[in-house]
Amino acid sequence: YQRRVREIKMNTNFASDPETRELNRPSWEPDSFRDSCCLCRNEFSLFNRRHHCRNCGKIFCSDCTLNTCRILNLGYAEPVRVCNSCSATLSRGVYSKRD
């Protein structure tokens, strides 16, 4: 895994090419699409903010996006915010729901 991270960091075309990233990354749900967290159903407010999972693109509250992961096949060589569901999937070695 560490070797793959180094390879991606060294291969600037993969991690920094916007066209490659945009083709592979999921579309984010618009903020107006949800009034509550996709997982726990707590309503969003001034204090309970919306956060997008970088792996699936859905909207969650901060409690349901506490984890960060590298998602190499989406061009994220550094850890990014992911929902609890995607974190469990990614930690089992599956790169992305989009594969």
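Student: Which residues of helix α4 (residues 84-91) are buried?

Tutor: This is a predicted model, in which local features need a pLDDT of at least 70 and side-chain atom pairs count only at pLDDT 80 or more, while totals for chains, interfaces and linings use all residues. Helices (H or I, at least four residues) and strands (E, at least two) are DSSP runs numbered from the N terminus, and buried means under 20% relative accessible area, with exposed over 50% and partly exposed in between (1.4 Å probe, protein chains only). In α4, the residues that count as buried are Cys86, Ser87, Thr89 and Leu90.

Student: What arc do these buried residues of α4 cover around the axis?

Tutor: The arc is taken from the directions that run from the helix axis to the C-beta atoms. The buried residues lie on the same side of α4, because the arc that they cover is only 165°.

Student: Which strands do the buried residues of α4 pack against?

Tutor: Residues are numbered from 1 along each chain as its sequence is written, and side-chain values use heavy atoms, with hydrogens and water left out. One residue to look at is leucine 90, which is in helix α4 and is buried at 12% relative accessibility; its C-alpha atom is 7.5 Å from that of cysteine 69, 21 residues away along the chain. Packing is judged by contact, meaning heavy atoms within 4.5 Å, and the strands that the buried residues of α4 pack against are β3 and β4.

Student: In which sense do strands β3 and β4 pair, and over how many bridges?

Tutor: Two strands pair if DSSP finds at least two bridges between them. For β3 (residues 67-71) and β4 (residues 76-82), the sense is antiparallel and the number of bridges is four.

Student: Which residue in β4 is the bridge partner of threonine 68, and which glycine in the turn has a positive phi?

Tutor: Threonine 68 has arginine 81 of β4 as its bridge partner. The two strands form a hairpin with four residues between them, and the residue in the turn with a positive phi, of about 90°, is glycine 75.

Student: Where does cysteine 53 lie, and what is its relative accessible area?

Tutor: Cysteine 53 is in the loop between β1 (51-52) and β2 (59-60). Leaving out residues up to four places away in sequence, cysteine 53 touches Trp28, Lys58, Phe60, Arg81, Val82, Cys83 and Cys86. The C-alpha atom of cysteine 53 is 5.9 Å from that of arginine 81, although the two are 28 residues apart along the chain. Cysteine 53 counts as buried, because its relative accessible area is 0%.

Student: Which residues touch the most other members of the largest nonpolar core, and which strand gives the most to this core?

Tutor: A nonpolar core is a set of buried Ala, Val, Leu, Ile, Met, Phe, Trp, Tyr and Cys residues joined through side-chain atoms within 4.5 Å. In the largest one, which has 18 residues, Cys53, Phe60, Ile71, Val82 and Cys86 touch the most other members. Two or more residues come from each of β2, β3, β4 and α4, and the element that gives the most, with three residues, is β4.

Student: Is histidine 51 buried or exposed?

Tutor: Histidine 51 is in strand β1. Apart from neighbours within four places in sequence, its contacts are Lys58, Ile59, Phe60, Cys61, Ser62, Thr65 and Arg81. Because its relative accessibility is 18%, histidine 51 counts as buried.

Student: Which glutamate forms a salt bridge with arginine 34?

Tutor: A salt bridge is a side-chain nitrogen of Lys or Arg within 4 Å of a carboxyl oxygen of Asp or Glu, and the structure holds one. Arginine 34 is buried at a relative accessible area of 19%, and its partner is buried as well, at 15%. With the closest N and O atoms 2.8 Å apart, the partner of arginine 34 is glutamate 29.

Student: What is the phi of arginine 41?

Tutor: Arginine 41 is in the loop between α3 (18-24) and β1, and it counts as exposed because its relative accessibility is 51%. It is a residue other than glycine with a positive phi, near 70°.

Student: In what order do the elements of the protein chain run from the N terminus on?

Tutor: The secondary structure comes to four helices and four strands, and buried residues make up 40% of the 99 residues. From the N terminus on, the order is α-α-α-β-β-β-β-α.
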